[in-house]
Amino acid sequence: MLSEQQANRAIELYADTVRRICMVHLKNQADSEDIFQTVFLKYLLRDQPFENEQHEKAWMIRVTINACKDLLKSHWHKTTVDLDAASAVPAPQEEEGSLLAAVNLLPPKYRTVIYLYYYEG
């Protein structure tokens, strides 16, 4: 098990990366926070040392992606409905002909990439 100092260093270095990866895959803040905690718990419980900082970063990214995929294919995730979707509140309408309206017409995998790149930087 790693020391508190090592854990704090890892959180400072990789917290943003882990959160971004979670949000891209899960598109849900609560699930992203759960995976964030899971990834850093696995980091703390890891017994083997890393070869270098690049190996550590690659490990963090791979564990984050795998944890997101595991959550998405879990039975619980497949059988539950998002609270926003259940309430059936219509989304705000964009002005017809706007670029954002056109982006929202794209398939979800393209919509997310375009939105993140051009609107969120």
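Of the 121 residues of the protein, 24% count as buried in this predicted model. The accessible surface adds up to about 9,200 Å², and carbon and sulfur atoms account for 57% of that area. As for the fold, there are seven helices and zero strands, so reading along the sequence simply gives α-α-α-α-α-α-α. Among contacts between residues at least 6 apart in sequence, 54% join residues that are at least 24 apart.

Helix 3 is a good place to look at the interior. This helix covers residues 53-72, and its 20 residues should span 28 Å at 1.5 Å a residue. The end C-alpha atoms turn out to be 29 Å apart, which agrees with that expectation. At the N-terminal end, N52 acts as a cap, with a side-chain oxygen placed 3.2 Å from the backbone nitrogen of Q54. The buried residues of helix 3 are E56, W59, M60, V63, T64, I65, A67, C68 and L71. Many of those positions are easier to read with helix geometry in mind: an α-helix has 3.6 residues a turn, so residues three or four places apart point the same way. The cover over the buried residues of helix 3 includes helix 1 (4-26), helix 2 (29-45) and helix 4 (75-79).

One name in that buried set, E56, carries a charge pairing. A search of the whole structure turns up three salt bridges, and one of them joins E56 to R9, with the closest N and O atoms 2.8 Å apart. This pair links distant parts of the chain, since E56 sits in helix 3 and R9 in helix 1, 47 residues apart. How exposed are the two partners? E56 has a relative accessible area of 3% and is therefore buried, the cut-off for buried being under 20%. R9, at 35% relative accessibility, counts as partly exposed.

R19 and E33 make another salt bridge, their closest N and O atoms being 3.4 Å apart. R19 lies in helix 1 and E33 in helix 2, so this pair ties together parts of the protein that are 14 residues apart in sequence. Both ends are partly exposed: R19 has a relative accessible area of 34%, and E33 comes in at 24%. In the remaining salt bridge, the side chains of K73 and D70 meet at 3.8 Å, N to O. Here K73 counts as exposed, at 56% relative accessibility, whereas D70 is partly exposed at 42%. In general terms, side chains of opposite charge can pair when their charged atoms come close.

Two further features round out the picture. The loop between helix 1 and helix 2 holds K27, a residue with a positive phi of about 55° although it is not a glycine. Most residues other than glycine have a negative phi. K27 is also exposed, with a relative accessible area of 53%. On the surface, M1, L41 and L45 form a nonpolar patch, and together these three residues offer about 360 Å² of accessible area. L45, one member of the patch, lies in helix 2, a helix that also contributes to the cover over the buried residues of helix 3.

Methods. Residues are numbered from 1 along each chain as its sequence is written. This is a predicted model: local features need pLDDT of at least 70, side-chain atom pairs count only at pLDDT 80 or more; totals for chains, interfaces and linings use all residues. Side-chain values use heavy atoms; hydrogens and water are left out. Helices (H or I, at least four residues) and strands (E, at least two) are DSSP runs, numbered from the N terminus. Buried means under 20% relative accessible area, exposed over 50%, partly exposed in between (1.4 Å probe, protein chains only). Contact means heavy atoms within 4.5 Å. Accessible areas come from the Shrake-Rupley method with a 1.4 Å probe; for residues, only the protein chains shown count as cover. The expected span of a helix is 1.5 Å times one less than its number of residues. A polar contact is a pair of N or O atoms within 3.5 Å; within protein, one must be able to donate a hydrogen and the other to accept it, and residues adjacent in sequence count only if both atoms are side-chain atoms. Patches are made of residues with over 30% relative accessible area and no salt bridge: like charges are joined within 9 Å, nonpolar side chains (Val, Leu, Ile, Met, Phe, Trp, Tyr) within 5 Å. A salt bridge is a side-chain nitrogen of Lys or Arg within 4 Å of a carboxyl oxygen of Asp or Glu.
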